[in-house]
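Reader: I am a first-year student, and I would like a close look at one part of this model. Please start with a pair of strands and work outwards from there.

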Amino acid sequence: MALNLALKVSDLDNVATIFANGITDGTQVEVRDKRGDSFVLTVHGDVPYGHKIALVPIHIGEQITKYGEEIGIATQEIQPGDYVHVHNLDSMRGRGDWQKEGK
């Protein structure tokens, strides 16, 4: 059986990166952190290699953190195991307006 792995790089992360091919809706992945701790999470949706899944509930307007960096804001409710991408987050990368508006 192939190892379906997702990595949580920073303790601040609320998403993990998938490091496996063929992750489809209902697939179970093993989420590991830098200490070697792990748990199993069921994925909701089809998630390509290198993309993100939520580790905890993320509410509309909450920041999404990957590799210890804030990468975006949730635009809809996100549940553990959900695919996190442009359909449910608004990117903060390269957005000068976030600073100007005090966000």
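Author: E1 and E2 are joined by two bridges and run antiparallel. This is a predicted model. The two strands make a hairpin, with six residues between them. E1 covers residues 5–8, and E2 covers 15–18. Take the partners one by one. Ala 6 has Ile 18 as its bridge partner in E2. Leu 7 stands opposite Thr 17 in E2.

Strands of a sheet pair through backbone hydrogen bonds, and the pairing may be parallel or antiparallel. Both kinds turn up around this hairpin. E1 also pairs with E3, through four bridges, and here the strands run parallel. Leu 5 has Glu 30 as its bridge partner in E3. E2 has a further partner too: three bridges join E2 to E5, and these two run antiparallel. Thr 17 has Lys 52 as its bridge partner in E5. So follow Thr 17 for a moment. Thr 17 faces Leu 7 of E1 in one pairing, and Lys 52 of E5 in the other.

Now stay with Ala 6. Which residues does Ala 6 touch, leaving aside its neighbours within four places in sequence? The list is Ala 16, Thr 17, Ile 18, Phe 19, Val 29, Glu 30, Val 31, Arg 32 and Ile 53. Ile 18, its bridge partner, is on that list. Ala 6 also belongs to the largest nonpolar core, which has 13 residues. Ala 6 is among the residues with the most contacts inside this core, along with Ile 18, Ile 23, Val 29, Val 31, Val 47 and Ile 53. E2 and E3 each supply at least two residues of the core. A second core, separate from this one, has nine residues, including Ala 54, Ile 64, Ala 74 and Val 84.

Next, the loop of the hairpin. Asp 11 lies there, between E1 and E2. Asp 11 is partly exposed, at 45% relative accessible area. What does Asp 11 form with Arg 35? The two form a salt bridge, and their closest N and O atoms are 2.9 Å apart. Arg 35 sits in the loop between E3 and E4, so the pair ties together parts that are 24 residues apart in sequence. E4 covers residues 38–42.

Arg 35 has other partners. Arg 35 forms a salt bridge with Asp 33, with the closest N and O atoms 3.0 Å apart. Another salt bridge joins Arg 35 to Asp 37, at 3.4 Å between the closest N and O atoms. Shared partners join Asp 11, Asp 33, Arg 35 and Asp 37 into one network. The structure as a whole holds four salt bridges.

Is each member of the network buried or exposed? Arg 35 has 52% relative accessibility, so it counts as exposed, the cut-off being over 50%. Asp 37 is partly exposed, with 44% relative accessible area. Asp 33 is buried, at 17%, because the limit for buried is under 20%. Asp 11, as said, is partly exposed.

Now move just past E2. Phe 19 lies in the loop between E2 and E3. Phe 19 is also one of the contacts of Ala 6. Its ring pairs with that of Tyr 49, in the loop between E4 and E5. The two residues are 30 residues apart, so this pair links distant parts of the chain. A pair of aromatic rings is described by the distance of the centres and the angle of the planes. Here the centres are 5.7 Å apart and the planes stand at 90 degrees, so the pair is edge-to-face. The structure holds one aromatic pair. Phe 19 is partly exposed, at 31% relative accessibility. Tyr 49 is partly exposed as well, at 46%.

One last stop lies further along the chain. Three strands form an open sheet there, in the order E6-E7-E9, with antiparallel pairing. E6 (63–66) and E9 (89–91) are the edge strands, each pairing on one side only. The twist averages 40 degrees from one strand to the next. E6 and E7 (69–74) are joined by four bridges and run antiparallel. Within that pairing, Gln 63 stands opposite Ile 73 in E7.

Note on methods. Residues numbered from 1 in each chain as written. Predicted model: local features only at pLDDT ≥ 70, side-chain atom pairs only at ≥ 80, totals over all residues. Heavy atoms only, no water. Core = buried A, V, L, I, M, F, W, Y, C linked by side-chain atoms within 4.5 Å. Buried < 20%, exposed > 50% of the residue type's maximum accessible area, 1.4 Å probe, protein only. Contact = heavy atoms within 4.5 Å. Salt bridge = Lys/Arg side-chain N within 4 Å of Asp/Glu carboxyl O. Phe/Tyr/Trp six-rings, centres within 6.5 Å; stacked < 30°, edge-to-face > 60°. Pairing = 2+ DSSP bridges. Axes fitted to C-alpha atoms, helices over the stretch in contact; angles between N-to-C directions.
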